[in-house]
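Trainee: Could you take me through one part of this protein up close? I'd like to look at the open sheet, and at how far I can trust the model around it.

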Amino acid sequence: MGAPPACCRTIALLFPLLTTGCAMQIAPPIAVVDPQTVFIADYGYHSSLLLPRPEGGLVEYAFGEWAWFAEGQTQGHRAVGLAFVASDGTLGRREYPAPATTEQLHRWLPVEALHPVTVERERAAALRDRLDAEFETGRAVREHHNHAHRLWFVPAARNYHGTFYNCNTAIAEWLEELGCRVTGARAFSAFEWVEPSQRRHGRT
């Protein structure tokens, strides 16, 4: 993936005071019966989610603003508008073949960090199937490949809004679908982890 998209970088630049001490706090599910590992790919100001494929390998999903993220229209004058005005969202996807080990992912992805999260296999499959269905629906409208990010992009079901719904907000919602408890600042890719034992006793 190329330089981090503006989906969250713009917000951090416009609101530096808000980023100080703000983090997305994630409590993984408790007492997972049928464990499945998913990964949060943290590119800095941008994040995406990697979900296992039933045939092996992983699929990466990312949310952003269509013109900036998919088409690469990264002119500086667009940055302020992205933070305050809703615009077309996009869902990006890329598949990684098996064996997609942590070591291999670090070679493939220019991430600052790769966070494994243990969730129920059934929930991971349900989220993957839902995002696959959304991607196929968008593909019927239009599809675009961005070589810098190495992702295929289609129109998303939701609009992008830098302040209220961006790539990291989408990640927070997806994690909740996976059974995680998410609190704190959802707009930024600063992740803090709450151990399941702490969550069990209400210390979040």
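Mentor: Of the 204 residues in the protein, buried ones make up 51%. About 9,500 Å² is exposed, with carbon and sulfur atoms supplying 54% of that. Keep in mind that this is a predicted model. Overall you've got eight helices and ten strands to find your way around. Take contacts between residues at least 6 apart in sequence: 74% of them join residues at least 24 apart.

Now for your sheet. It's an open one with three strands, in the order 9-1-10, and the pairing is mixed. Strand 9 (181-184) and strand 10 (191-193) sit at the edges with a single partner strand each, so each has one side left without a neighbour in the sheet. On average, neighbouring strands here are turned by 30 degrees against each other, ignoring direction. Zoom in on strand 1 (residues 24-27) and strand 10: they pair in the parallel sense, over three bridges. If you want a spot to click on, Met 24 has Phe 191 of strand 10 as its bridge partner.

As for trust, the mean pLDDT of the protein is 83, and 78% of its residues reach 70 or more. Confidence peaks in helix 6 (residues 121-139), at a mean of 98, and bottoms out in helix 2 (residues 16-19), at 40. Two stretches stay under 50: residues 9-21, with 18 contacts beyond four places in sequence, and residues 199-204, with 15 such contacts. Where pLDDT is low, don't read the predicted coordinates in detail.

Notes. Residues numbered from 1 in each chain as written. Predicted model: local features only at pLDDT ≥ 70, side-chain atom pairs only at ≥ 80, totals over all residues. Heavy atoms only, no water. Helix = DSSP H or I, 4+ residues; strand = E, 2+ residues; numbered from the N terminus. Buried < 20%, exposed > 50% of the residue type's maximum accessible area, 1.4 Å probe, protein only. Contact = heavy atoms within 4.5 Å. Areas by Shrake-Rupley, 256 points an atom, 1.4 Å probe, with all protein chains shown as cover. Pairing = 2+ DSSP bridges. Axes fitted to C-alpha atoms, helices over the stretch in contact; angles between N-to-C directions. pLDDT = per-residue confidence, 0-100.
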